[in-house]
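Hi,

Here is the structure I promised to send over. Have a look at it first, and then read on for what turned up.

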Amino acid sequence: MKSLKVCFVMVLFFCVMTSFAFAGERQLSRSWLWDSNPVEMQDMSKYKKAPPYRIGFSNASISNSWRVFMAREVQAEAEKHKDVISKLYITDAQDKPDKQIGDTEDLVAKGCDLIILSAATMAALDPITTRIHKQGIPVVCLDRRVTSDNFASFVTASNFTQGRVMMLWLCQMLKGKGNIVMLPGIAGAGPAEERIVGAKEILSQFPGVKVLDTQYTSWSPSEGKRVMSAMIQSYGDKINGVWCDSGLQGSGAIEALAEANMKVPITGEDLNAYLTRVQKYKFPAMSIGFPVKQGAEAVRTSLKILQGISVPFIVNVTRKVLTTVDTDDVKSDQPWAVSYTHLRAHETADVISYAVFCLKKGGGGGG
């Protein structure tokens, strides 16, 4: 009898341990999923100088609403530090790498003590960033980095994480089997390419999920709708899910899907147009934020550098996950409807404050 009890306990222990092992295979590590980079502090003492400072912001563009509000965060934060920032120059490259190279050279010629750079493409802006870095002028990459590590700090919200979390939610919504299409942003732009890399890392864990097509959308709602409509024409009801790396093209993609009466899971970002359409058409959807407050953080990081204070090589800004339906590994930080209502109120207030700010400044940019 005693030996039977011992055998029963051993069998039970084996079953429990086996179930844990299988659970470990099914579920991905959240720490890996969230790309928790080690904090590598960089010595900035060589850049220390007395204020006032002249700072240049070489912006890839203000071609969509996200970039408009991110630039507004840069301006608003600089306004808070008028006692030490004598001039903030802002340029708009209109998504043209060649123009941004010229813009950046012009900022250096203006005698800027530091350059904040949001690169149109990683590769095109790398040579001039490297040259500025070697000249001893610190560069803070904002939201979009360059190919090399030749800069002082990178303020971001991990794009690898964004791609992974979006794809993990989508694959789990499909229960590991089905066909998807991918609608990333701009070819060659850091966020778009890094989000694709993150998404493919997850796809490798779900062999039953197949990618029918991948097309860039310029982070444009109208282009997102056009591309999605074309994919619907090509693949029809073979499309079981849609991976958009942003709410910009995501909002247009939802319109195309709704018009075709295709209510499939879709990913995006917490932008008002995307959240509004998810609510309106009642789509199964998820969102992971790519905060515009990176702009303000870039200014704060820049001031630390110019004061000779050590900063992290990668500054990861916190973000929020929203879902209409939770999966095993991707769960909403708060109810979708609450976030939607809050964001609409927040954006309305932000639009008003931005309009007042521009009127005070006589129009907009910092030079």
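Let's start with one residue: does Asp-103 count as buried or exposed? Keep in mind that this is a predicted model. Asp-103 comes out as buried, because its relative accessibility is 12% and the cut-off for buried is under 20%. You'll find Asp-103 in helix 4, which covers residues 97–109. Beyond its neighbours within four places in sequence, Asp-103 is in contact with Ser-58, Thr-91, Asp-92 and Ala-93.

Now the overall picture. The protein chain has 367 residues, and 51% of them count as buried. There are 12 helices and 14 strands in the chain. If you take the contacts with a separation of 6 or more, 74% of them are between residues 24 or more positions apart.

On to the cores. The largest nonpolar core has 36 residues, and the ones that touch the most other members are Ile-55, Phe-57, Ile-116, Leu-142 and Ile-305. Two or more residues come from each of strand 2 (53–59), helix 3 (65–79), strand 3 (85–92), strand 4 (114–118), strand 5 (139–142) and helix 11 (294–306). Apart from this core lies another one, of 24 residues, with Val-181, Ile-232, Cys-244 and Leu-275 among them.

Two members of the 36-residue core deserve a visit. Ile-116 sits in strand 4 and is buried, because its relative accessibility is 0%. Not counting neighbours within four places in sequence, Ile-116 is in contact with Ile-55, Gly-56, Phe-57, Ser-58, Val-140, Leu-142, Ala-298, Val-299 and Ser-302. If you want a distance to check in your viewer, the C-alpha atoms of Ile-116 and Val-155 are 9.8 Å apart, with their positions 39 residues apart in sequence. As for Ile-305, once residues up to four places away in sequence are set aside, its partners are Met-44, Tyr-47, Lys-48, Leu-114, Pro-138, Val-140, Ala-152, Ser-153 and Val-311.

Helix 3 and helix 11 also pack against each other, at an angle of about 35° and with 7 Å between their axes. The crossing is right-handed. On the helix 3 side you have Trp-66, Met-70, Glu-73, Val-74, Glu-77 and Ala-78, and these meet Gln-294, Gly-295, Ala-296, Val-299 and Arg-300 of helix 11. Sorted by class, that contact is made of six nonpolar, two polar and three charged residues.

One of those helix 11 residues, Gln-294, comes up again as a contact of Thr-156. Thr-156 is in strand 6 (residues 153–156) and counts as buried, because its relative accessibility is 3%. Besides Gln-294, the contacts of Thr-156 outside its neighbours within four places in sequence are Phe-290, Ile-314, Val-315, Asn-316 and Val-317.

What about Glu-201: how exposed is this one? Glu-201 counts as partly exposed, because its relative accessibility is 27%. Glu-201 belongs to helix 7 (residues 190–203). Its C-alpha atom is 7.0 Å from that of Arg-164, which is 37 residues away along the chain.

A word on cysteines. How many disulfides does the count come to? The count is zero. Cys-141 is buried, because its relative accessibility is 0%, and Cys-244 is buried because its relative accessibility is 0% too.

Finally, a few backbone oddities. Most residues other than glycine have a negative phi, and most peptide bonds are trans. Against that background, have a look at these:

- Pro-51 and Pro-52 are joined by a cis peptide bond, with omega about 5°. Pro-52 is in the loop between strand 1 (41–42) and strand 2.
- Asn-261 is not a glycine, yet its phi is positive, about 55°. Asn-261 falls in the loop between helix 9 (247–259) and strand 10 (266–268), and counts as exposed because its relative accessible area is 72%.
- Lys-282 has a positive phi too, near 55°, and is likewise a residue other than glycine. Lys-282 is in the loop between helix 10 (272–281) and strand 11 (285–288), and counts as exposed because its relative accessibility is 63%.

Cheers

Key: Residues are numbered from 1 along each chain as its sequence is written. This is a predicted model: local features need pLDDT of at least 70, side-chain atom pairs count only at pLDDT 80 or more; totals for chains, interfaces and linings use all residues. Side-chain values use heavy atoms; hydrogens and water are left out. Helices (H or I, at least four residues) and strands (E, at least two) are DSSP runs, numbered from the N terminus. Buried means under 20% relative accessible area, exposed over 50%, partly exposed in between (1.4 Å probe, protein chains only). Contact means heavy atoms within 4.5 Å. A nonpolar core is a set of buried Ala, Val, Leu, Ile, Met, Phe, Trp, Tyr and Cys residues joined through side-chain atoms within 4.5 Å. Axes are lines fitted to C-alpha atoms, for helices over the stretch in contact, and angles run from 0 to 180 degrees between N-to-C directions. A crossing is left-handed if the near helix is turned anticlockwise from the far one by less than a right angle, and right-handed if clockwise. Ala, Val, Leu, Ile, Met, Phe, Trp, Tyr, Cys and Pro count as nonpolar, Asp, Glu, Lys and Arg as charged, and the others, Gly among them, as polar. A disulfide is a pair of cysteine sulfur atoms within 2.5 Å.
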